[in-house]
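Colleague: Could you walk me through a helix and a strand in this model? I have the sequence and the structure open.

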Amino acid sequence: AFVLFSSITGITGNAGQANYAAANTYLDALAHHRHTHHLPATSLAWGLWDSTTGGMADTLTQADLARIARTGIAPLTTPQGLTLFDTALTTTHPTLTPAHLDTTNLNDQSPLVLQGLAAPARLRRAAARTSPASGGNRTVGTGGATLAAQLTGLAEEEQRQVVLDLVRESVGTVLGHSGGSGLDLDRGFLAMGFDSLTAVELRNLLNKSTGLKLPTTLVFDHPTPAALAAYLLAQAVPDPADALLAELDRFEAAFARKQSADDVRSGLSVRLHALLAALNGTEGDEDGAPGVLDQIGSASDDEIFSFIDNELGAN
């Protein structure tokens with residue numbers, strides 16, 4: 001027998017392991033090549049082994065193991081691995097994938113090649129989320145609604161708390177904790193053990209749960225949970241002044257593209273002058289009487305000259 005030990009990483013891919021994946025894909029291709037030339041070859045793309053078996057798994061942290069578990073790949077025990085090896089030698093397939101897959105944990109964050117196995121489990125979880133026992137269609141933090149929609153109608157402090165809870169939960173998930181209730185909001189992500197892989201995973205998780213398009217440098221640009229929460233809140237609920245300025249830009253651009261008829265221009269002018277007067281506090285006196293600008297705008301030439309004579313003391 002001609003047996004090659006490959007890795008499931010060459011099939012599913014894994015962040016930060018492009019070189020390793022390519023090398024194992026070469027082994028799989030070599031087995032196929034030999035098979036087409038009627039030569040013996042079997043490439044075994046092994047899944048994760050239990051850390052007690054030694055080898056590469058010994059170097060994985062709890063956060064690493066939790067991240068792998070979320071993809072639906074569970075560790076193989078030694079008896080399971082030996083049984084799969086013996087079974088592989090009884091087949092004529094050039095490539096096989098001896099791995100332990102937890103189909104109940106497969107989801108749309110799992111490798112694409114495995115997602116087809118996740119449908120029944122995903123449907124069960126979706127049904128559980130929308131059942132009466134689960135409280136109906138609550139979507140906060142699940143990606144069922146954008147963060148902006150989740151925050152609509154909430155008071156400012158409530159909005160802040162929702163975003164903080166979302167960040168706590170997401171950070172806890174990425175680090176493999178049971179929750180984020182004890183998270184120090186002012187502690188740096190790097191001090192918590194984040195690296196480039198977990199930083200990207202957190203970004204991807206927040207992309208899904210907020211509906212925002214966040215940069216890959218998110219964790220490094222906003223290095224604490226508190227700073228990250230403030231950034232997410234600003235993105236989901238922009239400053240009203242910025243929104244108003246954006247509307248003015250849009251109006252100006254539309255007006256420049258197409259000049260309006262005189263009656264429309266006149267109506268726009270009146271409304272814009274009224275808005276400007278309101279912003280400057282000159283739209284009228286407190287008792288409801290017209291303001292100075294209103295009086296001047298409606299005055300005749302004689303009335304204006306009379307006003308000047310009276311105010312300046314002219315003879």
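Modeller: Happily; what follows covers salt bridges first and then a strand.
This is a predicted model, where local features need pLDDT of at least 70, side-chain atom pairs count only at pLDDT 80 or more, and totals for chains, interfaces and linings use all residues. Residues are numbered from 1 along each chain as its sequence is written, and side-chain values use heavy atoms, with hydrogens and water left out.

Colleague: How many salt bridges are there?
Modeller: The rule asks for a side-chain nitrogen of Lys or Arg within 4 Å of a carboxyl oxygen of Asp or Glu. Glutamate 157 meets arginine 160 that way, at 3.6 Å. Aspartate 165 and arginine 168 form a salt bridge at 3.3 Å. The count is 2.

Colleague: Is arginine 168 buried or exposed?
Modeller: Buried means under 20% relative accessible area, exposed over 50%, and partly exposed in between (1.4 Å probe, protein chains only). Its partner, aspartate 165, is partly exposed at 38%. Arginine 168 has a relative accessible area of 18%, so this residue counts as buried.

Colleague: Which residue in E2 is the bridge partner of phenylalanine 5?
Modeller: Strands are DSSP runs of at least two residues (E), and helices of at least four (H or I), numbered from the N terminus. Two strands pair if DSSP finds at least two bridges between them, and E1 (residues 3–7) pairs with E2 in the parallel sense over 5 bridges. In E2, phenylalanine 5 has as its partner leucine 44.

Colleague: Which residue in E4 stands opposite leucine 44?
Modeller: E2 and E4 (residues 95–96) run parallel and are joined by 2 bridges. Opposite leucine 44 stands leucine 96.
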